Amino acid sequence: MDIRLDAISHSYGGTEVLRDISLDIPTGKIVCFVGPSGCGKSTLLRLIGGLERATKGRVLQLGTPPAGCLNPLTYVFQDFALLPWRTVHGNISLVLEDHGIKGTAADAIISDVLARTKLSDFSNALPRQLSGGMKQRVAIARALAVKPAVMLMDEPLSALDSQTRELLMDDLVGLWTRQPFTAAYVTHNLAEAVRLGHRIAVLSRRPGEIREMVEIDMPLADRSHGNPELEQIQKHLWDMMRDEARAADEELIDV
Ligand SMILES: Nc1ncnc2c1ncn2[C@@H]1O[C@H](COP(=O)(O)OP(=O)(O)OP(=O)(O)O)[C@@H](O)[C@H]1O
């Protein structure tokens with residue numbers, strides 16, 4: 001199932017936050033959204049997820065979700081959102097219980113997503129026993145358990161230190177390479193965008209408009225840290241964003 005944003009604009013009261021956003025999120029691709037603070041990236045994810053309705057324009061779901069999909073649009077949050085009193089297995093089973101899936105059917109799904117996220121040995125651990133990176137892997141496993149058509153990832157690595165972020169980027173690349181997933185991925189981090197994005201939507205300062213869609217053809221598995229071609233693209237992104245990021249930063253201080 002692809003997502004198509006068709007001339008989306010959104011306002012809160014009199015404040016226009018997003019303006020005339022049109023783009024596609026094709027099946028099996030990761031589309032990253034970058035742009036200065038407050039330009040509407042998280043708002044756009046909420047509109048895609050159906051948590052809010054755009055003031056103008058449409059979010060279209062084209063085609064059908066994958067077989068066995070329990071929740072077509074599934075979020076992965078920055079702060080993991082795990083229940084501390086439930087084990088890794090229990091946190092994942094919770095989303096299946098919501099759909100009446102229990103017992104051996106649930107166990108089969110859970111062992112599959114734990115294997116895909118390399119967490120099989122941690123099924124009985126509690127969140128407090130896990131590092132930040134592992135907690136986020138559990139959150140990703142939980143999202144995968146409902147076989148989403150599209151994962152909506154709102155700065156999923158930004159609560160992690162830089163080394164853990166690097167490791168988790170490798171994990172996401174491995175996960176995608178073994179079995180491609182579709183994602184709308186919001187990040188402040190341009191290194192993350194060039195490492196994970198097949199397509200990067202660069203938004204302007206509020207009201208966020210698309211300044212450029214950057215396509216990166218290089219396979220994810222070939223995108224090593226420090227790759228000169230990726231560094232060049234990252235520099236291009238930063239050159240586009242620098243002045244607006246500074247202006248957005250100063251605007252926040254003035255509030
Ligand atoms: N529910 C709301 N009601 C009113 N204004 C809102 C609401 N949600 C967001 N905003 C405003 O809309 C603008 C865009 O917010 P949003 O969180 O989407 O931006 P963002 O690009 O994700 O920001 P950041 O990069 O800082 O996380 C901001 O000015 C924010 O204050």
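Which residue stands opposite V214 in β9? In the predicted model described here, that place is taken by I200, and the pair offers a convenient point of entry into the strands, domains and ligand site of the chain.

The confidence of the prediction may be considered before the details. The mean pLDDT of the chain is 93, and 98% of its residues reach 70 or more, while for the complex the predictor gives an ipTM of 0.96 together with a pTM of 0.94. Among the elements of the chain, the highest mean pLDDT, 98, belongs to strand β3, which covers residues 30-34, whereas the lowest, 85, belongs to helix α7, which covers residues 228-254. As a caution for reading any such model, predicted coordinates should not be read in detail where pLDDT is low.

The strands that hold I200 and V214 belong to an open sheet of 6 strands, arranged in the order β5-β6-β7-β3-β8-β9 and paired in a mixed manner. Because β5 (73-76) and β9 (210-215) each have a single partner strand, they stand at the edges of the sheet, and one side of each is left without a neighbour in it. On average, and with direction ignored, neighbouring strands of this sheet are turned by 20 degrees against each other. Strand β3, the element with the highest mean pLDDT, stands between β7 and β8 in the strand order.

At the β9 edge, the pairing can be followed residue by residue. Strand β8, made of residues 199-203, pairs with β9 in the antiparallel sense over 5 bridges; besides I200, which stands opposite V214, L203 has I210 of β9 as its bridge partner. The two strands, β8 and β9, form a hairpin in which 6 residues lie between them. The loop between β8 and β9 is also the place of P207, and the peptide bond that leads from R206 to P207 is cis, with an omega near -5 degrees. R206, on the other side of that cis bond, is one of the residues that surround the ligand.

A further open sheet contains 3 strands in the order β2-β1-β4, with antiparallel pairing. Here the edges are formed by β2 (15-25) and β4 (56-62), each of which has a single partner strand, so that one side of each is left without a neighbour in the sheet. Neighbouring strands of this sheet are turned against each other by 15 degrees on average, direction ignored. Strand β1, which covers residues 2-12, is joined to β4 by 6 bridges, the two running antiparallel, and within this pairing S9 stands opposite K56 in β4. In the edge strand β2 lies D20, a residue other than glycine whose phi is nevertheless positive, near 50 degrees.

The ligand is surrounded by a shell that includes Y12, V17, H188 and R206, as well as G35 and the run of residues S37, G38, C39, G40, K41, S42 and T43. Helix α1, residues 41-49, supplies the largest share of this shell, with 3 residues. By class, the shell around the ligand divides into 7 polar, 3 nonpolar and 2 charged residues.

At the level of the whole chain, the domain assignment gives domain 1, composed of two segments, 2-65 and 149-254, and domain 2, which covers 84-147. The C-alpha centres of domain 1 and domain 2 lie 26 Å apart, and 11 residues of domain 1 are in contact with 8 residues of domain 2. On the side of domain 1 that touches domain 2, the largest share, 6 residues, comes from helix α5, which covers residues 162-178. That side of domain 1 has 7 nonpolar residues, together with 2 polar and 2 charged ones.

How values were computed:
Residues numbered from 1 in each chain as written. Predicted model: local features only at pLDDT ≥ 70, side-chain atom pairs only at ≥ 80, totals over all residues. Pairing = 2+ DSSP bridges. Helix = DSSP H or I, 4+ residues; strand = E, 2+ residues; numbered from the N terminus. Axes fitted to C-alpha atoms, helices over the stretch in contact; angles between N-to-C directions. Domains from an automatic or database assignment. Contact = placed C-beta atoms within 7 Å. Nonpolar A, V, L, I, M, F, W, Y, C, P; charged D, E, K, R; others polar. Near = placed C-beta within 6 Å. pLDDT = per-residue confidence, 0-100.
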